[in-house]
Each structure stands twice: as C-alpha cells, then as structure tokens.
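Colleague: I have some questions about the labels used for this model. Please set each value against its definition.

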Amino acid sequence: MRISMLMINELIKKKAFSVPIHLALGHEAIAVAVAAAMRPSDRLLLTHRNIHYNLACNPSLRREIDEYLLRESGLAGGQNGAMNLTNPDAGVIYTSSILANCLPVATGVAMGQWVSGGDAVTIALTGDGALEEGAFYETLMIANSLNLPLVVVIENNEWSMHTRIDERRCAIDLESIAAAFGMKFYRLAGNDLNLYCDTLRNVRNETSAARKPCMVEVSLSTLGDYTVVEEGSSQGRYINYHTGALTHVSLANGPIIDESERDPVHMLAKLVPKADITRWVHEISAELESQLQ
Ligand SMILES: Cc1ncc(C[n+]2csc(CCOP(=O)(O)OP(=O)(O)O)c2C)c(N)n1
Ligand SMILES: [Mg+2]
C-alpha cells in the first residue's frame, strides 16, 4: 500500500490526474485492520481520504490509477474519480467528500442490514474534522436508539485542512461522548499492526453479535509535513500535508518516510529482518510496475 501510494505520488508530481487526490501516508495500519476484519457481506463507507482503504480492499494499483484517470477500466468505471471512489465488489459502497456525510448514509445501510437479519456490519470512516458536523452526533443517537450494527472509526490526525484542533475548537473527548450514548469505545495509537488487526476483528464481531454500535478512535499522523524557511525570516513555517503532490517525498528513497512510531511501515519493518524488507520492497515494486506497463 505504501509503495502504491508513493507511485501515485510520482504521477501526481507529473500532473497525470485532473482530480484531487488525498494521499494517506501514515494511515495504513488502520486501513489494513479494517480490510482484514471485514467479511464479504459487510459494508464500508468512506470519506475524501479513502485511498488506503481502497488499496487495502482491492490491491489493484492499475484499477485505482485508471479510476483517477477517469477510464472505464477504473475501480468505479471511471465515474467517481478519487473523492467519491467506491468499489462495490469489495464492499466499499459509498464515499463522500462532504464531511460526516457518510455517517447518516452508513446508518441507513446498517438499518438495512438489521432489517434483513444476518450478521453483517457497516463500518464508516471519518476524520477529526467531521466531529464538527451535527451529522456525527445525530448518527450516534439514531444508531444507538435503534441498536444498529454500525462501527464508526475516527482517524484523528489532529488536522482539518491546515488548521490544528487546538486552533479551531475545544477538545472533544470521544470516550466520554461514547459513554454518554452508552456505546463501546476503543482507542488505538502507535501503529502496532497486530494489535490494530486483533482489535478491529473483535470490534467487528462484537458489533455483529451484540447488534450495538461501537466507536474506534485512531490517533495517527498524515506523513508528508515539512517546514519552509521564507526569505527574510529566521524561523521555519510548518506545512501540514492535506492533498496533492508531496514534492519532497520520493519513491526512490524507499517506503519508510519517518523512522518513528508515526510511520506504520517503520513499525512493521521492526518486526521483520532487514533482508526480508529489502526483498519485499523489490518484489512488490516489480509486481506493481508490471501492473502499470
Ligand atoms: C461539510 C464540509 N465542510 C468543509 C469541507 C472542506 N474540507 C474538505 S477536507 C476538510 C478537512 C477534513 O478534515 P478531517 O475530517 O479531519 O480529515 P483529514 O483531511 O484530516 O484526513 C475540509 C474542511 C467539506 N468537504 N465538507
Ligand atoms: Mg483530520
């Protein structure tokens, strides 16, 4: 997934796409965990930053890129582009760039699953910016009132475009909000992939068995931030990545971007001998490049 996104970044740098693409470098661990937890009848609803889930659910880089090129061979037949990308075959049935918009839609999908019986669940993704929308709280109220099998996952990178949480609003304690609605809450941080996969599998199965909604908050960093020093200034200005090309990040420098807990690939690399990582990178890059021929 990391190498695929870095390849896409190289194409964005070359201005290959007419649609805006929000890379999700640093968001990979939760996407892997959600995709691994999903069963065939489960449904996933996404937001503007959806590339990692689409790559996790269908690792065809060719079809992802074809969608961004608005070609018929794309994941959604070239109709959706990036910010509305769906992939119904993999359970990704709705994606909206309107903040929090996927939540009421997910509530309806979960209600459909409840009416039909069975054990399917709906998983809806959102960022910390969407907590500023009324639809977030209405979704919690309806889903808990009707006991719907809905998992709400919040990717908290502490940014909404170029504004940090503490610059734009009061803190929102999601654990207390979940408790107020009487729902289960899990918090993930640190990019431990095995822990994320175990947690999401348990959350999915508990939600299915109890037919009660659940909330998961994931603290993460959107990698690609940098500092510029402007002429006449001695101080650097911090630039947070939101969308588009990461001109200072290069595929040639390898898949690890930040040698810290912020980078899930760095955390994964710590679990595997270095020679294996080098071999994987080589093999995966060759396979992905062959898809792009
Ligand atoms: C209702 C609404 N208001 C404003 C926007 C403009 N907008 C697009 S992305 C974004 C930031 C979203 O932040 P967050 O949900 O935390 O996701 P992140 O980009 O940090 O992953 C905003 C404000 C929008 N798409 N929809
Ligand atoms: Mg955010």
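Modeller: Take the shell around ligand 1: five nonpolar, seven polar and three charged residues. This is a predicted model, in which local features need pLDDT of at least 70 and side-chain atom pairs count only at pLDDT 80 or more, while totals for chains, interfaces and linings use all residues. Residues are numbered from 1 along each chain as its sequence is written, and chains are lettered from A and ligands numbered from 1 in the order in which they are written.

Colleague: What makes a residue polar, nonpolar or charged?

Modeller: Ala, Val, Leu, Ile, Met, Phe, Trp, Tyr, Cys and Pro count as nonpolar; Asp, Glu, Lys and Arg as charged; the others, Gly among them, as polar.

Colleague: Which residues are closest to ligand 1?

Modeller: Arg49, Leu99, Gly127, Gly129 and Ser160, out of 15 that surround the ligand. A residue is near a molecule if its C-beta atom, placed from the backbone, lies within 6 Å of it.

Colleague: Why does Leu75 count as buried?

Modeller: Leu75 has 25 C-beta neighbours inside 10 Å. Buried takes 20 or more, exposed 12 or fewer, and partly exposed lies in between. So Leu75 is buried. Leu75 sits in the loop between helix H4 (61–68) and strand S2 (92–95). Helices are DSSP runs (H or I) of at least four residues, strands (E) of at least two.

Colleague: Why is helix H2 called largely enclosed?

Modeller: Nine of its ten residues (28–37) are buried, so the rest of the structure largely encloses H2. Among them are Glu28, Ile30 and Val34.

Colleague: What makes H5 roughly parallel to H6?

Modeller: H5 (residues 102–116) and H6 (residues 134–145) pack at about 15°, with axes 8 Å apart. Angles under 35 degrees count as roughly parallel, over 145 as roughly antiparallel, 65 to 115 as roughly perpendicular and the rest as oblique. So H5 is roughly parallel to H6. In their contact, Leu103, Pro104, Thr107 and Ala110 of H5 meet residues of H6 including Phe136 and Ile142. Contact requires C-beta atoms within 7 Å.

Colleague: Why is H1 called oblique to H11?

Modeller: H1 (residues 2–13) and H11 (residues 274–292) pack at about 50°, with axes 10 Å apart. That angle makes H1 oblique to H11. Ile3, Ser4 and Met7 of H1 touch Val281, Ile284, Ser285 and Leu288 of H11. This contact has five nonpolar, two polar and no charged residues.

Conventions. Axes are lines fitted to C-alpha atoms, for helices over the stretch in contact, and angles run from 0 to 180 degrees between N-to-C directions. Two residues are in contact if their C-beta atoms, placed from the backbone, lie within 7 Å.
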